[in-house]
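Got your viewer open and ready? Let's take a walk through this model, one selection at a time.

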Amino acid sequence: MRKREVVEKRIQEVVTGTEPKDFFKQKRSPAEIKEAVFLPFFPIWCETLFAVQEPVEPVLYVDASAGLGLQEAGEWPVSFKVLKSIFARTGGRIDLNKVVQPFLYEGNKALAPTLPQLAEELPFYPELHQKPLFLHEPENVAVLQEQDTKASAVFLFVDPFGNKFSQELWARHLKLGKTDFLLLFDYKKVAAALSNQKAPNHLQALLGERLSGLQRYFAKTSNPAKKEAYALKAFSACLQEKGLNSSRFRINVPGKDQSSHQVWFVSKSDLAHTRFKELLLPFCEVQEDGVPVFGANLKTVRLLVPEYAKYLEFSLVNLMEDLVQNASVYNSMVLEKIYEKHNVGKPYSKANYQTAFEKLKEQGKITLLNPKTGQLVYKLTSACRIKFKV
C-alpha cells in the first residue's frame, strides 16, 4: 500500500462514516478535533523519529488534555485511544510500547482522579510496558521533570492558552529544546490574554519584546480578523526565533468567516512537518490552481484570470518563482528533498511540486538528472535530481 493510501486509511479509521473533506462542515468539539488529527498523527510522528535513528532513551508522550472525549462520548478519552495505538505497535519494527512513556494530565478536578482507575480497566493495560503516569499527582510531576531532560524526544499535546498547569508545561518545554508540540486552541483565549495589560507569564516568555507592541496594536485596532492575523503571525515568528517552525491549520465556524479553532504542529523537524501536512491535506479545500488552503471552511479566492494568482500569498505561479529565486539553495537536490525542505510553513502539496517542476522543465529552466549516474533523464520522478539553469 502506498504511503498516501496508508495516511488516508488512518484518517478514515478515525473519522468514521465521514469523508475528510466533509468532516469540518459541521462544528466540531476539541475532543473530535483531537481524535481526527492527533490520534492518527502520533504514530506517524514516532515513525519520523525512527527514520533518523532508533531512540535510545524513552520517548515521552505528554498530554495536557487527557480527559477530552470522556464526558462527551461516554467512551474512552482520546488519550486512552493513543495508549491503544502505542500498545498496537508492540513487537514491530517500531515498537512504541517499548519506548514511549505516557504522562497524562486533566485540568478538570472532578474528572482527573477517575482517570487512573479507568486506565487500569483498559483490556491492554497489563501489557503496557510503560504505564501512564498521571500529573495531577505531584510525585509524577517530579518524575516528568526528571525524565524530560533525559528523553530522546518529547511530544506535548497542549492548549498553550488553557489552564495554569498547561501554560507552565508549555513554557517549560519551550525552554527544553527537544519537544515537539501539537497545539489545539481557541483564538478567543489569545485575544483575551493580549487585551489584558497584565499578560500571563507564559505569553511574556514566548513573546518577549513583541508583547508590548502586540498590546498596543490590539488597543488601537478594532477589526477582529486583522488582530487575529497579526497576533498569530507574531506568535509564529517568536517560535521561529527559537528554532521551531509551525504548520498551522485554521478551522472556521461552518458558514462563517470566523475561526473556531487553531491546530498547530510546532517542531524543528522538516520531515515531521511534511508528514503532518500530508495527514491534513484530505481535510483541506483547494484553490483553482490546485494549491491547498491549509484549513477548513475557509473561503478560497476566485481567480477571474490566471494572472491574478501571483497576487495570492500562495499559488502555483508563486511556488515556481520562489523555487527559481532560491535555485542556489536547492540546486542538485532530488525532488523529494526539495519538497521536504521547502514546504515547511507553506500549504503546497507534493503534487504542487511535481506540477511546478514539470512547468519549469517545459520553460527550459531546469534539467532532470539520474540521482546515481548524473545522466540526463526526461521523466520527472521524486528521485530525480533537479539541476537549475538560472
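Start by selecting residues 245-252, which make up strand β6. Its partner here is β10, and the two run in the parallel sense, joined over two bridges. Keep in mind as you go that this is a predicted model. Now click on Arg 250 and look across: its bridge partner in β10 is Gly 295.

While you're here, a bit of background. Strands of a sheet pair through backbone hydrogen bonds, and they can do so either parallel or antiparallel.

**Zoom out to the sheet**

Which strands sit alongside this pair? Colour the whole sheet and read across it: the order is β3-β2-β1-β4-β5-β7-β6-β10. That's eight strands in an open sheet, and the pairing is mixed. Next, select 133-134 and 295-296: these are the edge strands, β3 and β10, each of which pairs on one side only.

Keep the sheet on screen and add residues 224-241, helix α13. This helix packs on the sheet, where it touches β5 (179-185), β6 and β7 (259-267). Compare directions, too: α13 makes about 10° with β7.

**Two helices together**

Hide the sheet and show residues 30-52 (helix α3) along with 270-280 (helix α14). Two packed helices are described by the angle between their axes and the distance between the axes. For α3 and α14, the angle is about 150° and the axes are 9 Å apart. An angle over 145 degrees counts as roughly antiparallel, so that's what α3 is to α14. The crossing of α3 and α14 is right-handed.

Turn on side chains to see who does the touching. From α3, look for residues including Phe 41, Ile 44 and Trp 45; from α14, Leu 271, Phe 276 and Leu 279 are among them. By class, this contact has 11 nonpolar residues, one polar and one charged.

Is α14 largely enclosed or largely open? Of its 11 residues, 10 are buried, so α14 is largely enclosed by the rest of the structure. Among the buried ones are His 273, Arg 275, Lys 277 and Glu 278.

**Last stop: Leu 360**

Finally, select residues 350-362, helix α18, and pick out Leu 360. This leucine is buried, with a relative accessible area of 1%. What does Leu 360 contact, once you leave aside neighbours within four places in sequence? You'll find Met 320, Val 324, Lys 365 and Ile 366. Try a distance from Leu 360 to Met 320: they're 40 residues apart in sequence, but 7.2 Å apart in space, C-alpha to C-alpha.

Key
Residues numbered from 1 in each chain as written. Predicted model: local features only at pLDDT ≥ 70, side-chain atom pairs only at ≥ 80, totals over all residues. Heavy atoms only, no water. Helix = DSSP H or I, 4+ residues; strand = E, 2+ residues; numbered from the N terminus. Buried < 20%, exposed > 50% of the residue type's maximum accessible area, 1.4 Å probe, protein only. Contact = heavy atoms within 4.5 Å. Axes fitted to C-alpha atoms, helices over the stretch in contact; angles between N-to-C directions. Parallel < 35°, antiparallel > 145°, perpendicular 65-115°, else oblique. Left-handed = near helix turned anticlockwise from the far one by under 90°. Nonpolar A, V, L, I, M, F, W, Y, C, P; charged D, E, K, R; others polar. Pairing = 2+ DSSP bridges.
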